[in-house]
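I opened the model to look at its cores, one helix and one lysine. My notes follow.

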Amino acid sequence: MPYLKNLAARYSEFYTSSHKIKSVVMKVQKQSNDTPIEQSFIATCAMPQKTDYRPLKVALLDINERLENRLRYFFSDRCQGDYVVAVDPQSADICLIDLDGLRGKSYWAKHAERQHNCPAILLSLHKTEVENAKWLQKPLQADLLHSELEKIREKLHLQQRQVAPVSLPKPSAETELALSGHHQELRNKIKSLQALLKKEKIRRTQLSAYRQDGQADNPPLLSEPAYAATKQISVGEQETKNTAPFIGSTPDVDLDNETQLAWVQYDPKRFLIGRVQKAVKLAETSGRPVSISSSHGSITIVPMTGEVLVEIDGQRLQSLASQPVNDDEYLLSVQDSVCDIPGQTHRRPVEAFVWELTLWTSLGRIPVNVSPNNTVVFKHWPNLTRLQIFPQATRIAALWAKQAHTLASTAQALEIPQRYVFSFFSAAHAIGLATTEESINEKIATEENPIKSNGNKTLFQKILRQLSLH
Amino acid sequence: MDNYKILFAGPVSAGKTTAITSVCTTPPLTTEAQATDISRDSKTTTTVAMDYGTMQLPGIKTLHLYGTPGETRFDFMWDILSKGSTGLVLLIDNTHPDPFSELHFFLRAFKKFTKKSRIAIGITKTDICISPRINDYQAQLRNVLPNIPVFSVDARNQIDVALLVEALVVSLDLELAA
């Protein structure tokens, strides 16, 4: 398991920084042609270039929840992620203190005593004279705050620029040897980054090709089930390539083996989809828009129109969907009115959004609380023309509409890999169309009934069906 | 089974001719005539006898698609065309003032298909009128025809229509795809 955790962390790290990789590689490559890498690399770090900005951590001290939510949104939207809320105030680059809060003044007093190198912005309703800090009047003006934050950023970069050259050691024989090793290390790093970029490019090309296929003149006729996976190898390979973003590539497992079962399970609560489902429920019960804010952008559920307003682009969302989330990464907040909803967003029906996000998260797995040996209760067919379709979806729906099956027996009955069934179930489960229950008579579920085209059933089977329904 | 005869039915202006034209592999045969009665308000021509086209499926299957006239004065054609049909694609116009009554009317008219759940329902023009929603149609069908495919369909969109036909065919014969 430590290996898997490590792998997951690396995977997550890669995706979160993937948009930065290209610029870094290009920059380092370009500079390696002109100047020694070490010097140019250090010089680049010291330059206050926009591309090199790391998000500055802002500690929010005695800031009420409402203002905190607004600030989080402000940082991600207006400031485009240049600033993030610091989890640990000790590690913050900037402090924002509300002097009107209960402990605001004592925070400021402590801060003034200890953290001279951490600039502070103080907020209060009435004018306050302070030294070594900037004061802003409440209610807070977005422009003023942004301008102050940018001034601080410039100041911090200037300090960095002054410090950086001084910290350079004088090259000696020993250091030159060390630098040559470092040089090699950097070259290796560039190579590995290039390899990662190449892989990512291929993955994105496949994804866009798949998306285009879905709208081109080649309709998903019979969802390619007629020439299904196992029978034609070339089609099977193509299918795997095209559908991997939605159904993953997890091989079939022994579902009676608990260890193997764990490989094909995931906990939705640990992913973005869990937050989205929570927000959808909250929006439905409150009847008001619910926003999920993060440094990546916001997702707002609007119950009145049944739509989701998404600020995050599709590819980014896809990578976020498969990453486990931290507790404070996504913040839910009920909006006062529709006016609070940001303008630059993509509109999508809630159902289609949840369906697709689940596919990206599930990748051929099932939610952790679902037993594959329980009978699937299928409410009705999903509106497949308005959802992300993938091979075998119509066959699975048709089977469940006709006969009671378990997840395990579905894959066997249709002679398809389990991941297709698991993906379909996960997505249908997420939009409330499928669940599982302990069947009274598990025979129906586990029995490998031959599929009859005429749908005739024996009297015994009919009785069993009745028993299982009532 | 190598061949399927699929019937497209539904009220005037639901998009039956358009849907068949969208998915046919060859130009379909149509019997369009200038509309002279109530249907003139919604379109200039209307089907007076039938539409016919074929749809080739990968492998061995050929689908023969027959479109019925929407007007009730041509309902004698409904029975004629129903003979030998394996499944029914019922298209309902969502902009109709009372689409549920249209739905139930056509389900009664094509009772033969409802008995064995050989139906897939396409709700058209949902881009013009979003209500009722698909879930509302499913609720209407819960006690009459549970668990049949009901999709939003743009009759001009090949993928939408093909997916609806696929859902019907797969429901009719799961072995088809195996």
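I counted a contact as heavy atoms within 4.5 Å. The model is predicted, so I read local features only at pLDDT of at least 70 and side-chain atom pairs only at pLDDT 80 or more, while totals for chains, interfaces and linings use all residues. Residues are numbered from 1 along each chain, chains are lettered from A as written, and side-chain values use heavy atoms, without hydrogens and water.

**A:Trp355.** I looked up its contacts, leaving aside neighbours within four places in sequence. They are A:Pro382, A:Leu384, A:Leu387, A:Gln388, A:Phe390, A:Phe424, A:Ala427, A:Ala428 and A:Ile431.

**Cores.** A nonpolar core is a set of buried Ala, Val, Leu, Ile, Met, Phe, Trp, Tyr and Cys residues joined through side-chain atoms within 4.5 Å. Buried means under 20% relative accessible area (1.4 Å probe, protein chains only). The largest core has 92 residues, and A:Trp355 is among the five that touch the most other members. Helix H6 of chain B (residues 158–172) gives the largest share, 10 residues. A separate second core of 25 residues includes B:Tyr66 and B:Phe110.

**Helix H11(A).** Helices are DSSP runs (H or I, at least four residues), numbered from the N terminus. How many of the 13 residues of H11(A) are buried? I found 12, so the helix is largely enclosed by the rest of the structure. A:Trp355 and A:Trp360 are among the buried ones. Just after H11(A), A:Leu363 takes a positive phi of about 45°.

**B:Lys16.** This residue lies in helix H1 (residues 16–23) of chain B. B:Lys16 is buried without a salt bridge (a Lys or Arg side-chain nitrogen within 4 Å of an Asp or Glu carboxyl oxygen). The nearest side chain of opposite charge (Lys and Arg positive, Asp and Glu negative; His and chain ends not counted) is B:Asp51, 7.1 Å away.

Definitions and conventions:
Buried means under 20% relative accessible area, exposed over 50%, partly exposed in between (1.4 Å probe, protein chains only). Helices (H or I, at least four residues) and strands (E, at least two) are DSSP runs, numbered from the N terminus.
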